[in-house]
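Colleague: Could you take me through the largest pocket in this one, up close? I'd like to know what lines it and what sits around it.

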Amino acid sequence: MIDATLFTAEVVPLSIVDAFVEFLHPSELVGVLVDGLSKAAIYAMIAGGLTLIFGLMGVLNFAHGSLTMVGAYLGGAIMVLSVSSATGPMTRLAFFFVGIVVVFGALSAVGGALEISLIRRLYDRPPIAQILLTFGLTLIIDELMRIVLEFYDLQPRADWIAAWGTKPWFLSQRLSIGPVDVRGLALFEILMGVLTVGAIWAFLTRTRYGLFIRAGSEDSEMASALGIDVRRVFTVVFAMGTGVAGVAGMLLMWDTLWGASVPLGAETLLPAFVVVIIGGLGTFRGTVVAALLVGMVDAVMTWWFVNEIRFTGLPELTIFLILVIVLIVRPQGLYGVEGVGGH
């Protein structure tokens, strides 16, 4: 028998009004803002390397997510091997930053080797060849990682719980800032996102090599004619983009919403492409703005559809709705220009 009270006119409007009142409460708004910024920081870090590679080289690197996953496992292994139950919180944090340097160096070396040995051979071929190659790399990397994890019995399809346990205690708990309770890890993710975006921006705008990269992205033939070794710049950019993906993976290793697992590659690749396309293919500024837009919409929709209306799949759907709207209104993305990435 159906409960007739479910269809009365008063119940639903009152619950929505109550939800609006609760959402507009300052403590809830600040909490949603912090969650949105932390999501934006994660999206910007994941998509930043992808944008660097496409902006200069015109290569859509489908292996980007898998390399992020490798960074998560490598960073997790460093933390699990170096941290014990007696290790203090600040020492754990110090090991984390040492791990970031190691992960960035290792993934950059892998990226440079991939560019020299595989990607470089396909520059003169149609873009579909690069897409198929990087997609094939994704399958190979994922399966190799799955074999290694099964060999060491680390449960490849489950999140790596041991890596979560290496967090300092203040990143595992909710911190009270005045009347607002926020996740400690969310604040740390915002800090890491700002540092990563700032480092990439400083490299592109304040270094001689950044000047070469910007010149190569505008006109690689003219840059080559002016004496710039464009091939070497390509290698450096691909290595940097891969290194940034690894750093993002190491940060995700601590986040219980993501975690180190083989499916992490596919889970990170999709939002990275969405952010890059919304921002405009190859534009770093567009990627940062798009990450902020997607992160804030994701946080607001998550609050509504998880806390109040309880349709857990709809927050992800709204992200793709933004993508569709942007593609209809402005097909080249928010800051995109035609011809970027050609060489």
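Modeller: Sure. Bear in mind that this is a predicted model. The largest pocket comes out at a volume of about 1100 Å³. It is lined by 38 residues, and the ones closest to its centre are Lys-39, Tyr-43, Leu-257, Asp-298 and Thr-302.

As for where the lining comes from, H2 gives the largest share, with ten residues. Helix H2 covers 26-57, and at least two lining residues each also come from strand E2 (180-183), helix H12 (264-279), helix H13 (284-308) and helix H14 (314-329). Sorted by class, that wall is a mix of 18 nonpolar, twelve charged and eight polar residues.

There's a second largest pocket too, holding about 480 Å³ of space. Its lining has 20 residues, with Arg-214, Ser-217, Gly-282, Thr-283 and Phe-284 closest to the centre. H2 and H13 turn up again here, each giving two or more residues, as do helix H8 (184-206) and helix H9 (208-218). By class you get eleven nonpolar, six polar and three charged residues in this lining.

Now for the packing. The largest nonpolar core has 53 residues, and Tyr-73, Phe-96, Phe-188, Met-253, Trp-254 and Ile-278 have the most contacts inside it. H12, one of the helices that line the largest pocket, gives the most to this core, eight residues. Take Met-253: beyond its neighbours within four places in sequence, its contacts include Ala-72, Met-79, Trp-164 and Ala-260. A second, separate core has 23 residues, among them Ile-53, Met-57, Tyr-123 and Ile-200.

Note on methods
Residues are numbered from 1 along each chain as its sequence is written. This is a predicted model: local features need pLDDT of at least 70, side-chain atom pairs count only at pLDDT 80 or more; totals for chains, interfaces and linings use all residues. Side-chain values use heavy atoms; hydrogens and water are left out. On a 1 Å grid over the protein atoms alone, a cavity is a set of points where a 1.4 Å probe fits but cannot get out, and a pocket is an open set with protein on both sides within 12 Å along at least five of seven lines; lining residues have an atom within 4 Å of a point. Grid points are joined across faces, edges and corners, and a volume is the space filled by probe spheres set on the points. Helices (H or I, at least four residues) and strands (E, at least two) are DSSP runs, numbered from the N terminus. Ala, Val, Leu, Ile, Met, Phe, Trp, Tyr, Cys and Pro count as nonpolar, Asp, Glu, Lys and Arg as charged, and the others, Gly among them, as polar. A nonpolar core is a set of buried Ala, Val, Leu, Ile, Met, Phe, Trp, Tyr and Cys residues joined through side-chain atoms within 4.5 Å. Buried means under 20% relative accessible area, exposed over 50%, partly exposed in between (1.4 Å probe, protein chains only). Contact means heavy atoms within 4.5 Å.
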